[in-house]
Amino acid sequence: IPPAYQYVAQSAAISILLQSVVKAGSINDTNTILEILQTESFSTVYGQVSFDGNGQNQASTPLLLQYDINQTLQLLHPKELSSGNFEMVYPMPTWKNRDCTILSNCTETGGGCDVNG
């Protein structure tokens with residue numbers, strides 16, 4: 001099983017912090033570390049990373065994932081990488097309603113699920 005992308009992103013975050021502290025010369029020099037984070041580009045296992053004025057990674061697009069009714073993980077965003085015609089489920093049904101939809105025929109409500117399951 002390949003590692004989830006979150007593990008790679010977390011490794012990159014640790015690497016960025018370490019690179020910033022080393023460049024600052026001290027973990028206690030937080031002002032210099034902050035300046036380095038705001039102005040430098042960092043080489044990581046996740047690729048080159050730099051941050052915009054809001055602290056957002058300029059080189060990475062977050063992934064939006066959701067399980068479909070068959071419990072298959074679907075990639076929704078970015079659109080150019082999406083899994084296909086899968087539509088996001090929003091708002092997410094209650095747990096009781098998800099169980100009803102996926103696990104049974106819901107005979108208690110006449111064969112269908114309602115908002116309460």
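**Figure 1. Contacts by sequence separation in the protein.** Of the contacts in the protein with a separation of 6 or more, 21% are between residues 24 or more positions apart. The model shown is predicted.

**Figure 2. Secondary structure elements of the protein.** Three helices and four strands make up the secondary structure. Read from the N terminus, the order of the elements is α-α-β-β-β-β-α.

**Figure 3. Burial and exposed surface.** The protein has 117 residues, of which 18% are buried. The exposed area of the protein comes to about 8800 Å², and 55% of that area is supplied by carbon and sulfur atoms.

**Figure 4. Packing geometry of helices α1 and α2.** Helix α1 covers residues 5–24 and helix α2 covers residues 30–39. The two helices pack with their axes 9 Å apart, at an angle of about 125°. Helix α1 is therefore oblique to α2, since angles from 115 to 145 degrees fall outside the roughly perpendicular and roughly antiparallel ranges. The crossing of α1 and α2 is right-handed.

**Figure 5. Residues in the contact of α1 with α2.** On the α1 side, the contact is formed by Ile16, Ser20, Val21, Lys23 and Ala24. These residues meet Thr32, Ile33, Ile36 and Leu37 of α2. By residue class, the contact of α1 with α2 holds six nonpolar residues, two polar residues and one charged residue. Lys23 in α1 is the charged one, because Lys counts as charged. Ser20 in α1 and Thr32 in α2 are the polar residues, because neither Ser nor Thr is listed as nonpolar or charged.

Note on methods:
Residues are numbered from 1 along each chain as its sequence is written. This is a predicted model: local features need pLDDT of at least 70, side-chain atom pairs count only at pLDDT 80 or more; totals for chains, interfaces and linings use all residues. Side-chain values use heavy atoms; hydrogens and water are left out. Buried means under 20% relative accessible area, exposed over 50%, partly exposed in between (1.4 Å probe, protein chains only). Contact means heavy atoms within 4.5 Å. Accessible areas come from the Shrake-Rupley method with a 1.4 Å probe; for residues, only the protein chains shown count as cover. Axes are lines fitted to C-alpha atoms, for helices over the stretch in contact, and angles run from 0 to 180 degrees between N-to-C directions. Angles under 35 degrees count as roughly parallel, over 145 as roughly antiparallel, 65 to 115 as roughly perpendicular and the rest as oblique. A crossing is left-handed if the near helix is turned anticlockwise from the far one by less than a right angle, and right-handed if clockwise.
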